[in-house]
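Subject: Structure handover

Hello,

Please find the structure below, followed by notes on what was found in it.

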Amino acid sequence: MVEKMRKGSKASLETRIKLRESHMGQRHYCWRGKSTLMRRIRRLSEYTYWKENVRVRDNHKCILCSSTGERFLHVDHIVSFRTLYDEFLLAYSQFSPIDDMEVLVRLAMKWNKFWDMSNGRTLCERCHRDR
């Protein structure tokens, strides 16, 4: 027998855990199977070095309005990271983003299009939001 919850009552911890797990990973309505690999690539030290090198090249200033302030500067891809990522997956389509994640992460470390300094620019928070 399934009990209905009364309006205003809270589900038990066990019910909330089961509900949460029923919507995670592949069961989530937005699941595409790629987000974890993209997250892993963005967390690589190469990504951090790329961002810092672009900031240094742009003299720690927004290239559009010349404002400074380390906290508010963003490093932006001219060709979006999503586009580069999709191109990367197409180039290595023989690998699965889920099953061969470690291999793809190692390949991403060497894939020059991710780390091309000419594809980066430093923008302040406002210019980044408005572009």
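Glu125 counts as partly exposed, because its relative accessibility is 37%; the classes are buried at under 20% relative accessible area, exposed at over 50%, and partly exposed in between, with a 1.4 Å probe and protein chains only. Glu125 belongs to helix α6, residues 125-130. Leaving aside residues up to four places away in sequence, Glu125 touches Phe72 and His74, where contact means heavy atoms within 4.5 Å. Between Glu125 and His74 there are 6.4 Å in space, C-alpha to C-alpha, and the two are 51 residues apart in sequence.

The conventions are as follows. This is a predicted model, in which local features need pLDDT of at least 70 and side-chain atom pairs count only at pLDDT 80 or more, while totals for chains, interfaces and linings use all residues. Residues are numbered from 1 along each chain as its sequence is written, and side-chain values use heavy atoms, with hydrogens and water left out.

On confidence: the mean pLDDT (the predictor's confidence in each residue, from 0 to 100) is 85 for the protein, and 84% of its residues reach 70 or more. Among the elements, helix α4 (residues 81-91) has the highest mean, 94, and helix α1 (residues 13-21) the lowest, 80. Where pLDDT is low, the predicted coordinates should not be read in detail.

On the fold: there are six helices and two strands, taken as DSSP runs (H or I of at least four residues for helices, E of at least two for strands) and numbered from the N terminus. Along the sequence the pattern reads α-α-α-β-α-α-β-α. Of the contacts with a separation of 6 or more, 73% are between residues 24 or more positions apart. The protein has 131 residues, of which 27% count as buried. Its exposed area is about 9,800 Å², with carbon and sulfur atoms supplying 52% of it; areas come from the Shrake-Rupley method with a 1.4 Å probe, and for residues only the protein chains shown count as cover.

On the interior: the largest nonpolar core has 20 residues. A nonpolar core here is a set of buried Ala, Val, Leu, Ile, Met, Phe, Trp, Tyr and Cys residues joined through side-chain atoms within 4.5 Å. The residues with the most contacts inside this core are Leu37, Ile41, Phe81, Tyr85, Phe88, Phe114 and Trp115. Two or more residues each come from α2 (35-42), α3 (45-57), α4 and α5 (101-110), and α4 gives the most, with five. A second, separate core has five residues, including Cys62, Leu123, Cys124 and Cys127.

Two residues are worth listing with their contacts, again not counting residues up to four places away in sequence. Trp115 touches Ile41, Leu44, Glu46, Tyr47, Trp50, Ala108, Met109 and Lys110. His77, in strand β1 (residues 73-77), touches Tyr47, Trp50, Leu84, Phe114, Asn119 and Arg131. His77 is buried, because its relative accessible area is 6%.

On helix α5: its buried residues are Met101, Leu104, Val105 and Ala108. Viewed down the axis of α5, they fall within an arc of 105°, so they line one face of the helix; the arc is that of the directions from the helix axis to the C-beta atoms. The face turned away from this buried side carries the exposed residues Arg106 and Lys110.

On charge pairs: the search of the whole structure finds seven salt bridges, each being a side-chain nitrogen of Lys or Arg within 4 Å of a carboxyl oxygen of Asp or Glu. Three of them are described here.

- Arg121 and Asp76: the closest N and O atoms are 2.9 Å apart. The pair links distant parts of the chain, with Arg121 in strand β2 (residues 120-124) and Asp76 in strand β1, 45 residues apart. Both Arg121 and Asp76 are buried.
- Lys113 and Glu87: the closest N and O atoms are 2.2 Å apart. This pair also links distant parts of the chain, from the loop between α5 and β2 (Lys113) to helix α4 (Glu87), 26 residues apart. Lys113 is partly exposed at 42%, and Glu87 is partly exposed at 30%.
- Arg57 and Asp58: the closest N and O atoms are 3.1 Å apart. Arg57 is partly exposed at 38% relative accessibility, whereas Asp58 is buried at 14%.

Regards
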